[in-house]
Amino acid sequence: MKKLLTISLLFLATYVNAQYMPRQDKIWARSTAGEPITLDGVLNESAWAKAESLQIIYGVVGTIPTSGYRSENNPDGITDPTHATVKFLTNNNQLYIAFVIPDSSIGGGPTGSAWPFWDGILMSVKNAKSSTRPTPAVEIFPTFLFTGDSVGAPFKLGYDGKYRDKAPAAQLARWDAAVKIHGTSNDDSTPDTSWIVEMKINLDSVGYHATAPGGDVIALNFSIWDQDWYFTKNAQKMSSERTWWQAPWGNSNGPNFGRVYVEPEVTINSGVIPEVLPDGIIPNGAGLPDPVIDGELDEASWAGAYTFNIAWGDSLLRTTYPSIGPLASGQWQPELVTGSKPPVLDPSFATIKIFFKDDYLYLGADVNDMLIQGLDNYDQVDGLGLILADRGTFDENEHTPVTKLLRMNFAADGLLHGFDALAPLIDSGATIAAKLKGTSTINVNSDIDEGYKIEMKLDLKKLGYPTGLGDKLIFAGVDLYDGDSFDDAAKNYGTRTWWFREHAGGPALAWLEMDPSKLTDVDKDISVSIPSTIELRGNYPNPFNPITSIQYSIPQSGKVGLIVYNNLGQQVSRIKISDQAAGTHDYSFNGAGLSSGIYFYQLILQSVEGKSFESKVGKMILIK
């Protein structure tokens, strides 16, 4: 099971036809192919000329979905707005980042000066080495903040709220930086030209593996802070602003993670960089009838929908999520009574399905729950939250799309209701419905429930999309709510378990694309597109007893096999399915010889062309 992380990273392989929109939430860091980098702020190594770069520009709507800018002082008088170039490289397992920042006024005010007159780079690298999810932020902060008001004062290296000269040794080993100032800091008598920061991050210290086969995805974000003409003491001329890539802060998560892709074979000499697939490709329901929004999920379109699972306490499942999903996705149990978190006796599990048709987005959820309740307390509800970026509404201060929580859950009346940003959408035509499974009830603690299903239909034009859906991009997350109450109130709890994003504020957004040519009608889909790797489309029914149908697509003809593991990672079944042609297939798996429980499965392919393929890992639940 150690392959799980590698499997999720293989999702990043080149997509030859490059039919999807270039992603603006990512950057490649090429390997220097052994060429060393001297940390001096000069950038005279030849590798820097071949590095991939970002442009960070104040006053221009940032790269989607969450880059932006903000004036911190004198918004009508930004005298020298940021227009920086940021470059990325790797050497061994070190990430190098260069910030080239033209600036006519470099420096920072002394301790006690008015906030926020300082130049600096406030960065957050997400600590993949931590077992906490979402992964915590590690702050990196090269800055002129509080350097004193003496002319020519050097910049400082700040870290997790401390400056480098006061940081523990373990933190000092994580990163280093050098700066080259073209001008004189803390002196506005003559204009400066620029300052260059050359930074090195030890990826071992934060849990990334740039040299491993298949590479890695480094989650980070940064903001460039820019003060101008503070030392003139001319209030009409002084200004301060910040411009950021994906998120502005260094010591916390939200609103997003930027993705830095690294792979040992992507070097300064390897030519065109690989394309990166969307985190998910949402299929088109064209050609099939519209689903009836009744909670049944029994229409044909749902079988071919984009599908993933969410489960409380399942860290193994989270490692199968695409790109930075394993780092951003997580869970939380609020304290209903301060200082008390009772055991979660009935962990939540849901299968989520998404597709689109015309200008509408459809979302379905099949939720397992042995105790369904309807309450008005947000921390104990049963339901689902869909988090979406509104493509037509921008924050007037941050200049980024507004992200909205579309929450639906059972309320005290036992019915499914829409809350937060979903309520006004329902008033204007969105529809939701729920269906209890089997003999399930709501708010009856004396029985054992099976769970419920939810359906939602949204008009995306109400979320800023034009007719025809424009670029067809969706920035999203899903949060599963599960509250359980008992006769002994001390045992009551609520949980939230999320895929990429917990709420409107963070921690990250999945980059999804609606593909008109990828049809939920599987038979038609085969003739449109053969995948570039094994696509695992899930199994149905799930849970099952004892037979479930596993659907998948293979890119080439060859011998297909199925491996099944128990929840300890032990192999319990290895099946040679058959020789199969490229395209979409079903395999009926019989679990009669297995005991009830959670199992994981993976498909393998040995093609007639001599190539080997592995699918991502699926999860199935056997209930006898």
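Two strands count as paired if DSSP finds at least two bridges between them. Keep that in mind as you work through these exercises on a predicted model.

## Exercise 1: A strand and its partners

Find out how strands β26 and β18 are joined to β27, and say whether β27 is enclosed by the rest of the structure.

**Solution.**

Step 1. Start with β26, which covers residues 473–484: 7 bridges join this strand to β27. The cut-off is at least two bridges, so β26 and β27 count as a pair, and they run antiparallel. To see one contact of this pairing, look for D482, which stands opposite T495 in β27.

Step 2. Now take β18, residues 330–332. Here 3 bridges do the joining to β27, again in the antiparallel sense. W332 is the residue to look for, as it sits opposite R496 of β27.

Step 3. Next, check burial, which means under 20% relative accessible area. On one side of β27 you have Y493, T495, T497 and W499, and on the other G494, R496 and W498; all are buried, so both faces are covered.

Step 4. Put it together: 7 of the 7 residues of β27 (493–499) are buried, and therefore the strand is largely enclosed by the rest of the structure.

## Exercise 2: Just past the end of β27

Describe F500: where does it lie, is it buried or exposed, and what is its phi?

**Solution.**

Step 1. Place it first. F500 is in the loop between β27 and β28, the latter being residues 501–503.

Step 2. Look at its accessibility. The relative accessible area of F500 is 0%, so this residue is buried.

Step 3. Check the backbone. Phi of F500 is near 70 degrees, which is a positive value in a residue that isn't glycine.

Step 4. See what company F500 keeps. Together with Y306, F308, Y321 and W499, it forms one aromatic cluster.

Step 5. For a contrast, try D358, in the loop between β19 (349–357) and β20. Its phi is positive too, near 55 degrees, and D358 isn't glycine either. But D358 has 52% relative accessibility, so it counts as exposed.

## Exercise 3: Reading an open sheet

Work out the strand order of the open sheet that holds β31, β32 and β35, and pick out its edge strands.

**Solution.**

Step 1. Write down the order: the 3 strands run β31-β32-β35, with antiparallel pairing.

Step 2. Ask which strands pair on one side only. Those are β31 (535–540) and β35 (583–590), and they're the edge strands.

Step 3. Add the twist, which averages 20 degrees from one strand to the next.

Step 4. Zoom in on one pairing. β32 (547–554) and β35 pair over 8 bridges, antiparallel, and Q551 stands opposite D586 in β35.

## Exercise 4: Two aromatic pairs

Classify the ring pairs W118–F141 and F144–W195, and say how far apart in sequence the partners are.

**Solution.**

Step 1. Know what to look at. A pair of aromatic rings is described by the distance of the centres and the angle of the planes. This structure holds 23 such pairs.

Step 2. Take W118 and F141. Their ring centres are 5.4 Å apart and the planes sit at 70 degrees, so the pair is edge-to-face.

Step 3. Trace them along the chain. W118 is in the loop between β6 (94–102) and β7 (120–126), while F141 is in strand β8 (137–143), so the pair ties together parts 23 residues apart in sequence. Both W118 and F141 are buried.

Step 4. Repeat for F144 and W195: 5.3 Å centre to centre, with 70 degrees between the planes, again edge-to-face. F144 lies in the loop between β8 and β9 (156–159) and W195 in strand β12 (194–202), which puts them 51 residues apart. F144 and W195 are buried as well.

## Exercise 5: What lines a cavity?

Say which classes of residue line the second largest cavity, and which elements supply two or more of them.

**Solution.**

Step 1. Count the cavities: a search of the whole structure finds 2 of 30 Å³ or more. The second largest has a volume of about 40 Å³.

Step 2. List the lining: I282, I354, L361, L363, L386, L388, I474, A476 and L512.

Step 3. Assign elements. β20 (360–368), β21 (383–394) and β26 each give two or more residues.

Step 4. Sort by class: 9 nonpolar, no polar and no charged residues.

Notes:
Residues are numbered from 1 along each chain as its sequence is written. This is a predicted model: local features need pLDDT of at least 70, side-chain atom pairs count only at pLDDT 80 or more; totals for chains, interfaces and linings use all residues. Side-chain values use heavy atoms; hydrogens and water are left out. Helices (H or I, at least four residues) and strands (E, at least two) are DSSP runs, numbered from the N terminus. Axes are lines fitted to C-alpha atoms, for helices over the stretch in contact, and angles run from 0 to 180 degrees between N-to-C directions. Buried means under 20% relative accessible area, exposed over 50%, partly exposed in between (1.4 Å probe, protein chains only). On a 1 Å grid over the protein atoms alone, a cavity is a set of points where a 1.4 Å probe fits but cannot get out, and a pocket is an open set with protein on both sides within 12 Å along at least five of seven lines; lining residues have an atom within 4 Å of a point. Grid points are joined across faces, edges and corners, and a volume is the space filled by probe spheres set on the points. Ala, Val, Leu, Ile, Met, Phe, Trp, Tyr, Cys and Pro count as nonpolar, Asp, Glu, Lys and Arg as charged, and the others, Gly among them, as polar. Rings of Phe, Tyr and Trp (its six-membered ring) pair if their centres lie within 6.5 Å; planes under 30 degrees apart count as stacked, over 60 as edge-to-face and the rest as tilted.
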